[in-house]
Amino acid sequence: MVEKVFLILMVLLAMLSLNTPKLRRAVIYLGILSLASSFIYLLYGAPDVAIAEAIIGSAISTVLYLVALKKYHVFTIYYTNANYNQITDSQITRGRAQVLRDVEKFFAEREMEPQIIYTTHDYRFVLENRNFDLLIHQDFDEVYFYGNKEDYQVDAFEEHVQKEPYDPLRSKFIRHEAGGGK
Amino acid sequence: MKSNSQIIARVTGLLYPFIILIGFYIIINGHVSPGGGFQGGAVLASAFISRYLVIPEESIRIKYMQTLEKVLFFCIILIPTLFLFSSTGNDSAMANTIYLVVMNLLIGLKVSSGLTIIFYRFVFYEGGE
């Protein structure tokens, strides 16, 4: 009876880890899955294998995956400006100094190298057609951040923005459903 | 990488001696109870790996661990050879037990240093640049 419960639990955990949107959660589900499977091994009379599975599956590989996720640094940032026709070069430099340099610094501290794409497309076009992690839309001194809903690095960035907003600029943070990207 | 949770750091610090103790228990009792060199070595390695959660710094000496692993590997080759050639006549239970415990201990230490080296190399050298 107990073993059937745990076998069903294993299937459920495997499905959860496949369907969850965040990779971190999937790693934790996999750790619980291997803990359950080590209990199953114990019930079937293989304590040796159970010890190895419990240690390697739920301790070592979980920590290893978490560290690997922290090091994952392909991070796409789109930058659009509503008034790219009217502004001059000096304004671009100043605006860049204010927003993008701060964003870059934030992600560099987290050991990620952001890939920044400047585009002249309208931001709505980018929202619908491109796959991105963060979209920065600037309209003179209003800045909109569109963050991907499933990205946990964006969570940290949202906290950072809310903690110390850029003084001369009015910033606004919007969570966006993962783009209809190609 | 810089920020680490205070709760995890404290609790892991409390658990350290117990992890190391259970690792050595599994290794030394490997020949009579479930477990053995590999499992106990993995437990010891998990103690080293959880050390990274407490102090995420590069203060561990990987070079010494590599030398230790090489020496242990040499011993793992050497001791069975010596045992095989020296004791053809006597097959006392005492000698066999000592041989098993020593071999389990060597294998456990080698596995733990190997897994620790893999982990710390991955954390500090790979893909960070």
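## Chain B at a glance

Of the 129 residues in chain B, 33% count as buried, where buried means under 20% relative accessible area, exposed over 50% and partly exposed in between, using a 1.4 Å probe and protein chains only. This is a predicted model, in which local features need pLDDT of at least 70 and side-chain atom pairs count only at pLDDT 80 or more, while totals for chains, interfaces and linings use all residues. Residues are numbered from 1 along each chain as its sequence is written, chains are lettered from A and ligands numbered from 1 in the order in which they are written, and side-chain values use heavy atoms, with hydrogens and water left out.

Chain B has four helices and zero strands, so its elements read α-α-α-α from the N terminus on; helices (H or I, at least four residues) and strands (E, at least two) are DSSP runs, numbered from the N terminus. Taking contacts in chain B between residues at least 6 apart in sequence, 75% join residues at least 24 apart, with contact meaning heavy atoms within 4.5 Å.

## Chain A at a glance

Chain A mixes its element types, with six helices and five strands. Starting at the N terminus, they follow the order α-α-α-β-α-β-α-β-β-α-β. Buried residues account for 36% of the 182 residues in chain A. For contacts in chain A between residues at least 6 apart in sequence, the share joining residues at least 24 apart is 68%.

One residue to look up in chain A is Asp133(A), in the loop between α5 (123–129) and β3 (134–139). Asp133(A) counts as buried, at 13% relative accessibility. Its C-alpha lies 5.1 Å from that of Asn148(A), and the two residues are 15 apart in sequence.

## Where α3(A) meets α2(B)

Let's turn to the helices that pair across the chains. Helix α3 of chain A (residues 47–71) and helix α2 of chain B (residues 37–54) have axes that come within 10 Å and cross at roughly 25°; axes are lines fitted to C-alpha atoms, for helices over the stretch in contact, and angles run from 0 to 180 degrees between N-to-C directions. That makes α3(A) roughly parallel to α2(B), given that angles under 35 degrees count as roughly parallel, over 145 as roughly antiparallel, 65 to 115 as roughly perpendicular and the rest as oblique. The crossing of α3(A) past α2(B) is left-handed, a term used if the near helix is turned anticlockwise from the far one by less than a right angle, with right-handed used if clockwise.

From α3(A), the contact draws on Asp48(A), Ile51(A), Ala52(A), Ile55(A), Ile56(A), Ala59(A), Ile60(A), Val63(A) and Val67(A). From α2(B) come Phe38(B), Gln39(B), Ala42(B), Val43(B), Ser46(B), Ile49(B) and Tyr52(B). By class, the contact of α3(A) with α2(B) has 13 nonpolar, two polar and one charged residues; Ala, Val, Leu, Ile, Met, Phe, Trp, Tyr, Cys and Pro count as nonpolar, Asp, Glu, Lys and Arg as charged, and the others, Gly among them, as polar.

## Where α3(A) meets α4(B)

Helix α3(A) also has an axis that comes within 10 Å of the axis of α4(B), and the two cross at roughly 15°. That makes α3(A) roughly parallel to α4(B), and α3(A) passes α4(B) in a left-handed crossing. Here Ile60(A), Val63(A), Leu64(A), Val67(A), Ala68(A) and Lys71(A) meet Leu115(B), Phe119(B), Phe122(B) and Val123(B). The residues of this contact divide into nine nonpolar, no polar and one charged.

## Aromatic pairs

Over all chains, the structure holds three aromatic pairs; rings of Phe, Tyr and Trp (its six-membered ring) pair if their centres lie within 6.5 Å, with planes under 30 degrees apart counted as stacked, over 60 as edge-to-face and the rest as tilted. One of them joins Phe83(B) and Tyr99(B), stacked because the ring centres are 4.1 Å apart and the planes lie at 10°. Phe83(B) belongs to helix α3 (residues 62–86) of chain B and Tyr99(B) to helix α4 (residues 93–124), so the pair ties together parts that are 16 residues apart in sequence. Phe83(B) is partly exposed, with a relative accessible area of 23%, and Tyr99(B) is partly exposed at 21%.

Phe119(B) and Tyr120(B) form an edge-to-face pair, with centres 5.4 Å apart and planes at 85°. Both Phe119(B) and Tyr120(B) are buried.

## Two more residues of α4(B)

Ser112(B) lies in helix α4 of chain B and counts as buried at 5% relative accessibility. Leaving out residues up to four places away in sequence, Ser112(B) touches Gly41(B), Leu44(B) and Ala45(B).

Val101(B), also in helix α4 of chain B, is partly exposed, with a relative accessible area of 21%. With residues up to four places away in sequence not counted, Val101(B) touches Ile28(B) and His31(B). Val101(B) and His31(B) are 70 residues apart in sequence, and their C-alpha atoms are 7.1 Å apart in space.
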